[in-house]
Amino acid sequence: MSSRMPGGPRVRPRRSLTDAEAVSFGPLHPDALPVLAVAGRPGTPLTLWVRNNAPLVREHLHRTGAVLFRGFDEGAGALRAVVEAVADDGALSYQDGATPRSELDDGVYSSTEYPADQVIEMHNEACYSWSWPRILGFACAVAPETGGQTPLADSRRVLERLPAELVARLERHGVDYIRNYTPGVGIPWQQALGCDDSGLDAYAARNRAEVERVSPDHLRVTARRPALLRHPATGERVWFNQATSFHVSTLGAELAAELVGQLGADRIPKTTAAGDGRPFADAELASVRAAFAAETKSFDWQPGDVLIVDNLLAAHGRAPFTGSREIRVAMAGAGDWDPAATRPGPTAPPAPGAPSVPAAPSAPTSPRGESL
């Protein structure tokens, strides 16, 4: 639309800073995630723009798995509002946590508080739990001096690279996530599970998990989850689990062996096994890590960056870093393992009597002190 002033040149109306065209999208890496979103003019309000154009952001998310907003004035302070707008749902609290975090604000958390020299392996957030966030948000308040990237990998492409036998096995049997809580090792179970002794039965039922009081100072939680699902919006099959990042081998062979030697194999803080009762072979774990390595893309954080990730379509991790690093995290859009529409069908005919989708452990019925 244009207008003409009497006796003067044609005047084109100035575009609103909240129009879809006020932000341009382009590849940060050729044919890979994340897509980079930058404002065409200074002062474009990130929060309001995303609220007005959330369907467009979701289109880019479904195509690439992640969107990086860069150069907006609001910066990290916009994180929660942007995540909620993209998810079209409220922010989630960090519950059933497997790693240490601090709550910085209502619905905003620190990234995993591991030592700066450690790698956090590629994973999809909270898929070991019965419920998990559909949308993740990361915001850079303080960029590290070196390193500290949040690498990303397309879960669809990772699946395509995996050995067919491994995919078929886990599609049929799922993944067992095993956590052992003992004094002085890892997060106290009361903090991780968000309850005390009186709430263990309810936790087990709510999370479709087995809770076992092995001894007065040893609590074990085992949860069986599917390893793949079908994205509810795109219909695509994705690799959605933490078979490797939850496994004790993520510590490295030397440290893992030392931990097992000190605590015993049945008391290590967390690990995984295949749902058919057989442990993962070293070659299987190596094939998953190789698939992630082949698909992983990284970028250097800049202060004010806001990264939005579709948790089903993209895995993430953390590189070692030097200097101070403050990456804030928010989550929104609760999903869970219940809807059959999110589950893929089997790639091979199930064995006689075997379910086509891994069944979660039944709700607790026995007294505490045994398996719950």
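A salt bridge is taken here as a side-chain nitrogen of Lys or Arg within 4 Å of a carboxyl oxygen of Asp or Glu. In this predicted model, the count of such pairs comes to 17 salt bridges, and one of them joins the side chains of glutamate 284 and arginine 169, with an N to O distance of 2.8 Å. That pair links distant parts of the chain, since glutamate 284 belongs to helix H9 and arginine 169 to helix H5, 115 residues apart. Both glutamate 284 and arginine 169 are buried. Side chains of opposite charge can pair when their charged atoms come close.

The pair is also part of a wider arrangement, for Arg169, Asp276, Arg278 and Glu284 are linked in a network of salt bridges. Within that network, arginine 278 forms a salt bridge with aspartate 276, and the closest N and O atoms are 3.0 Å apart. Arginine 278 has a relative accessible area of 48% and is therefore partly exposed, while aspartate 276, with a relative accessible area of 25%, is partly exposed as well.

A further salt bridge is found between arginine 224 and aspartate 176, whose closest N and O atoms are 2.7 Å apart. This pair, too, links distant parts of the chain, with arginine 224 in strand S14 (residues 218–225) and aspartate 176 in strand S12, 48 residues apart. Buried means under 20% relative accessible area, so aspartate 176, at 10% relative accessibility, counts as buried, whereas arginine 224, at 29%, counts as partly exposed.

The two helices that carry the first pair can now be placed in their surroundings. In helix H5 (residues 164–173), the buried residues include Leu166, Val167, Arg169, Leu170 and Glu171, and among the elements that cover the buried residues of H5 are helix H4 (155–161), strand S12 (175–181), strand S17 (270–274) and H9. Just after H5, glycine 174 takes a positive phi of about 80°.

Helix H9 (residues 282–295), for its part, lies across S8, S11 and S19 and runs at about 105° to S11. These three strands form an open sheet in the order S8-S19-S11, with antiparallel pairing; strand S8 (120–123) and strand S11 (152–154) are the edge strands, each of which pairs on one side only, and the twist averages 15° from one strand to the next. S11 and strand S19 (residues 314–318) pair over three bridges, and alanine 153 has alanine 315 in S19 as its bridge partner.

Elsewhere, strand S18 (residues 306–310) is mostly covered, with five of its five residues buried. In a regular strand the side chains alternate between the two faces of the sheet. Both faces of S18 are covered, with Val306, Ile308 and Asp310 buried on one side and Leu307 and Val309 buried on the other. S18 pairs in the antiparallel sense with strand S5 (residues 66–70) over four bridges, where isoleucine 308 in S18 is the bridge partner of valine 67. Strand S9 (residues 131–142) also runs antiparallel to S18, joined to it by five bridges, and here valine 306 in S18 is the bridge partner of alanine 139.

A last point concerns a loop. Glycine 323 lies in the loop between strand S20 (321–322) and strand S21 (326–336), where its relative accessible area of 39% makes it partly exposed. Glycine 323 and glycine 148 are 175 residues apart in sequence, and their C-alpha atoms are 9.4 Å apart in space.

Technical notes
Residues numbered from 1 in each chain as written. Predicted model: local features only at pLDDT ≥ 70, side-chain atom pairs only at ≥ 80, totals over all residues. Heavy atoms only, no water. Pairing = 2+ DSSP bridges. Helix = DSSP H or I, 4+ residues; strand = E, 2+ residues; numbered from the N terminus. Axes fitted to C-alpha atoms, helices over the stretch in contact; angles between N-to-C directions. Contact = heavy atoms within 4.5 Å. Buried < 20%, exposed > 50% of the residue type's maximum accessible area, 1.4 Å probe, protein only.
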